[in-house]
Amino acid sequence: MSGPLYRGASGIRISGNSNDLWDSQMKDKTEKEDLDRNRSSDQSYLALRFPFRVFFPDNNSPSKYGNGESGFASDPFIVGSPRSRHKLTLLLVKLSLALIVILALMGSFWWTISISTMSRGQIVHNYRRLQEQLVSDLWDIGELSLGSSRLQEFEFCSEESENYAPCFNVSENLALGYSDGSENTRLCGQSSRQSCLVLPPVNYRIPPRWPTGRDIIWVANVKITAQEVLSSGSLTKRMMMLDEEQISFRSVSPMFDGVEDYSHQIAEMIGLRNESNFVQAGVRTILDIGCGYGSFGAHLFSKQLITMCIANYEPSGSQVQLTLERGLPAMIGSFNSNQLPYPSLSFDMLHCARCGIDWDLKDGYFLIEADRVLKPGGYFVWTSPLTNARNKENQKRWNFVRDFAENLCWEMLSQQDETVVWKKTSKRSCYSSRKPGAGPATCNKGHDVESPYYRPLQGCIAGTQSRRWIPIQEKTTWPSRSHLNKTELALYGLHPEDFSEDAENWKTTVTNYWSVLSPIIFSDHPKRPGEEDPSPPYNIFRNVLDMNAHFGSFNAALLEAGKSVWVMNVVPTSGPNYLPLILDRGFVGVLHDWSNLTLGLASVTEEVRCEPFPTYPRSYDLVHAEGLLTLQTHQQRRCTMLDLFTEIDRVLRPEGWIIIRDTAPLVESARMLTTRLKWDARVIEIESNSDDRLLICQKPFFKRQGVSS
């Protein structure tokens, strides 16, 4: 971006022979030029922010021309001097321009009301395009006027930010008085925002390609020590091998049958032959609470099951961070005080193996929340030494959980060793057939909502009045489940034709994405030394974040195209809530507010622009945003584009990719910001007759310099 443009002052010819007169005039001229220069600088800035002041000066502002020596204001319009005539001419030009604008607006108004109804839609569309172009033009003008300082690249964050997850600060929460688990609650504030770029650790290495990366991760990429590995649970420890450079997970090794035996045991307790029959029993999506390091989900992935890991924030040794590093779905979350950011009836199975949740606390509210996100006919699997309690205190706790589960209309299918499996009822009539006062009541419509975004835990049973109350055994099995039928689409107010058209468009779009990305990846970024020949592009990405998922059709198109990926489908709270549809299709996703947030605990309430996503740095290989910038422009209070991109940079892995699809003016504005983030960027025209553009960026791999001894 070029620097600010300056206009040279035109010379003024002075007549007369008196030296005194000359000196006086030169002095006056110098003072006036200094004053005019200063005011011109201020007014040029104001003119960018308030362009209509050019035509309508502020009558309340002080006179530009000051007072004469007699104490009266000098008249700038005295006819005779060339300067006065010049100013009079400028005023006439301004008035003429103002008149032209008024006449143009009046003409536009009369023309608009005279056109036919058939053409008004096209006029509105073109008018919106002109508005977006105006925003882009004003952005460009503002950057030019304010100089190159606005385009300075971001600085890198300090070393303490390498694994920093915003909004999770246990020490601050403890200082505010939160305890008994609530200190892990997500609490955002203005201090959560960072205006810097997070660098990876000193010895960070690009993760191995999938599926190798599922079973091997580099120690330097995550914040965990050998002691933390050795002190982990016995089952987890047996599934991990640690050396100086890498951690190996043995979940798929034929020599190690711990997780395979465990999942096989669960299947038998449900009444299935083995875990390969989970899909036939209606199970596709699993919420793994306190997932360890994701080995349960890693094993079930080969059975066409997708497991979302959710666990508390941990400053080090993070379950979520290691699970994501393995290329498996995970996000930070907890049951402490708020509902999970999923609608009711979201998952086919909930799994908790020594997950650290005390289900008997808070009058059973944690169990009520588990019931809320579990689909009818779904399964709750709990493995805990509490189920085989010997002392009276632990037996009392176990009896509470068992009795409360019965009052939630859960049927205990089996108990083996430390593992218990319940099945949620498929019949709504079960709740009305309970004894009076037995268990929590069902929620009314006012408390049973599909957008539980930062809502406190509820004491009533949710989902019983939902039209989505369909037992998992009655749903089509995966992968047919992703293609919803006419009856299912009607639950979301969608027509089959619109849904099919959206699906076909995304199939074409994914094909176009890969035709664009393949030559860029393999020409500009060939294989690294020591790697095998590059595999097809579907192995370049594993973790994908879709920031504006709509119906989840981008996810479906990727899978149908044979891409070995999983997608975190994010549904912005500022748009239509199609997250229930996405989850019912057999995908995973979450509600999130990319724009702004009013968030707090108890008495703490603060508006935060650009809420960070609940994850650690370097979580995703690809970030995709279709129409998100347009959605942001319609928000009254919205995150700035630069703040949004800084958050994308935080969650993106080094050498990761960004695909932004939006209108041409917004894409061009976004492209201007990529230099500040040090991204390599290209703008690509999709079709000659399309208003949209693609912005394809790659985040470079900047290495942090080691400390010299």
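Buried means under 20% relative accessible area, exposed means over 50%, and partly exposed lies in between (1.4 Å probe, protein chains only). Helices (H or I, at least four residues) and strands (E, at least two) are DSSP runs, numbered from the N terminus.

This is a predicted model, in which local features need pLDDT of at least 70 and side-chain atom pairs count only at pLDDT 80 or more, while totals for chains, interfaces and linings use all residues. Residues are numbered from 1 along each chain as its sequence is written, and side-chain values use heavy atoms, with hydrogens and water left out.

**Exercise 1. A strand and its surroundings**

Task: Find out how many residues of β5 are buried, and which strands pair with β5.

Solution:

Step 1. Begin with burial: 6 of the 6 residues of β5 are buried, so this strand is largely enclosed by the rest of the structure.

Step 2. Now take the two faces. I306, M308 and I310 lie on one side, T307, C309 and A311 on the other, and all are buried, so both faces are covered.

Step 3. Look for partners; two strands pair if DSSP finds at least two bridges between them. Strand β4 (residues 285-289) runs parallel to β5 and is joined to it by 5 bridges. Here T285 stands opposite I306.

Step 4. Follow the chain from β4 through α9 to β5: this β-α-β crossover is right-handed. That word applies if, with the strands pointing away from the viewer, the path from the first strand over the helix to the second runs clockwise.

Step 5. Strand β6 (residues 330-332) also pairs with β5 in the parallel sense, over 3 bridges. In β6, A330 is the bridge partner of C309.

**Exercise 2. Charged pairs**

Task: Say how many salt bridges the structure holds, then describe three of them, beginning with D215 and R214.

Solution:

Step 1. A salt bridge is a side-chain nitrogen of Lys or Arg within 4 Å of a carboxyl oxygen of Asp or Glu. Side chains of opposite charge can pair when their charged atoms come close. The structure holds 23 salt bridges.

Step 2. The side chains of D215 and R214 form one, at 3.4 Å from N to O. D215 is buried, with a relative accessible area of 13%, and R214 is buried as well, at 14%.

Step 3. Go on to D348 and K375, whose side chains meet in a salt bridge of 3.7 Å, N to O. D348 belongs to strand β7 (residues 347-353) and K375 to strand β8 (residues 374-383), so the pair ties together parts that are 27 residues apart in sequence. D348 and K375 are both buried.

Step 4. The third salt bridge brings together D649 and K699 (3.9 Å, N to O). This pair links distant parts of the chain, 50 residues apart: D649 sits in helix α19 (residues 641-651) and K699 in the segment after β19 (692-698). Both D649 and K699 are buried.

Step 5. Finish with a network: salt bridges that share partners join D348, K375, E450, R468, R481 and D584.

**Exercise 3. Backbone details**

Task: Locate two cis peptide bonds, and state whether Q304 is buried or partly exposed.

Solution:

Step 1. Keep a rule of thumb in mind: most residues other than glycine have a negative phi, and most peptide bonds are trans.

Step 2. W210 and P211 are joined by a cis peptide bond, with omega about 5°. P211 is found in the loop between α4 (170-175) and α5 (212-215).

Step 3. Another cis peptide bond joins W478 and P479, with omega about 10°. The loop between α13 (429-432) and α14 (486-490) holds P479.

Step 4. Q304 has a positive phi, near 65°, and lies in the loop between α9 (295-301) and β5 (306-311). With a relative accessible area of 43%, Q304 is partly exposed.

**Exercise 4. The nonpolar interior**

Task: Which residues have the most contacts inside the largest nonpolar core?

Solution:

Step 1. A nonpolar core is a set of buried Ala, Val, Leu, Ile, Met, Phe, Trp, Tyr and Cys residues joined through side-chain atoms within 4.5 Å.

Step 2. The largest has 85 residues, and L287, Y342, W359, L545, M568 and F645 have the most contacts inside it. α19 gives the most to this core, with 6 residues.

Step 3. Apart from this core lies another, of 30 residues, among them V259, M269, F278 and L583.
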